[in-house]
Amino acid sequence: MNKKGQSSSRVAKVFIYLVLAVLAITILVPVAWVFVASIKENSEFYGNPWTLPKGFHFQNFIDAWQTADMGSFVLNSVLVTALGIALLIIIALPAAYVLARFSFKGRKLWSTLFMAGLFINVNYIVVPIFLMLNNGDSFLRRVFGSPFFLNNLFILALVYASTALPFTIYLLSGYFKSLAKDYEEAAYVDGAGYFRTMVQVIMPMAKPSIVTVVLFNFLAFWNEYIISMTLLTKPELKTLPVGLMNLMAAQKSAVQYGQMYAGLVIVMIPTLILYICVQKKLTQGMTLGGLKG
């Protein structure tokens, strides 16, 4: 490469690094500011917002936990997220495996339908979902005397899982298509059936892609607000993002900024810990998955 080409290559690299640095700063600075603000006393917010706290005011977290009953909201979010991810994996893994590795009548139609689901924003269909579940509850009240679909954490988890199916199947099927068929043929020779081959051979190889799916959907389920607020009307069943609204409502006119930011930190900590734990596998899964979808 001549000197002119080397010079232009250096300029391009410098430009890319500058852009990445700016993007990192725009993401890290607000997150760091929230953590710093969560340990400030309320009087410190009326001066310069960028000043460091005078001390570690841990009472903000205690007040946020007790004032808005965020302990029960955390438990509800854990249950809904865990159920949603479990249902999603149980349904999506076999579906993606079959669509990626087998040829059968109607395969292209099913693949097209799941691909079409990628373009549907769940926020646009939350009202029809609510009306459908509400009509189901009206029928159950007339027949059995009690509702079932609304104010039900399992139903909320099922809605989460169903809305995440298109993206999950797309990502997993792309990864499955990249695997050589030699592994399955060797398993069949050893006497393994289709289900055993999928569970014992294919799924262990798909761990990076599965970790990617789990992390992305954990973030989506954990931070989801609109569907949870719509389908869960009982206060004791609210999830954590809705609990933050309860925290602000409990303060009424006396705004306690430290408590609000402490509540935000409580919401963010699980996602940050999970991301740190699976960062390497996440990158690997995003690199491999979806290449041949």
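This passage describes the salt bridge and the two largest pockets of a predicted model. Local features were accepted at pLDDT of at least 70 and side-chain atom pairs at pLDDT 80 or more, whereas totals for chains, interfaces and linings use all residues. Residues are numbered from 1 along each chain as its sequence is written, and side-chain values use heavy atoms, with hydrogens and water left out.

A search of the whole structure identified 1 salt bridge (a side-chain nitrogen of Lys or Arg within 4 Å of a carboxyl oxygen of Asp or Glu). The side chains of E184 and R101 form this contact, with an N to O distance of 2.5 Å. The pair joins helix α7 (residues 182-189), which holds E184, to helix α3 (residues 70-101), which holds R101, across 83 residues; helices are DSSP runs of H or I of at least four residues, numbered from the N terminus. E184 counts as buried because its relative accessibility is 4%, and R101 is likewise buried at 10% (buried: under 20% relative accessible area, 1.4 Å probe, protein chains only).

The largest pocket has a volume of about 480 Å³. A pocket is an open set of points on a 1 Å grid where a 1.4 Å probe fits, with protein on both sides within 12 Å along at least five of seven lines; lining residues have an atom within 4 Å of a point. Helix α6 supplies the largest share of this lining, 7 residues.

The second largest pocket holds about 310 Å³. Its lining includes I27, L219 and Y275, and α12 contributes the most, with 5 residues.

Notes:
Helix = DSSP H or I, 4+ residues; strand = E, 2+ residues; numbered from the N terminus. Buried < 20%, exposed > 50% of the residue type's maximum accessible area, 1.4 Å probe, protein only. Points joined across faces, edges and corners; volume = space filled by probe spheres on them.
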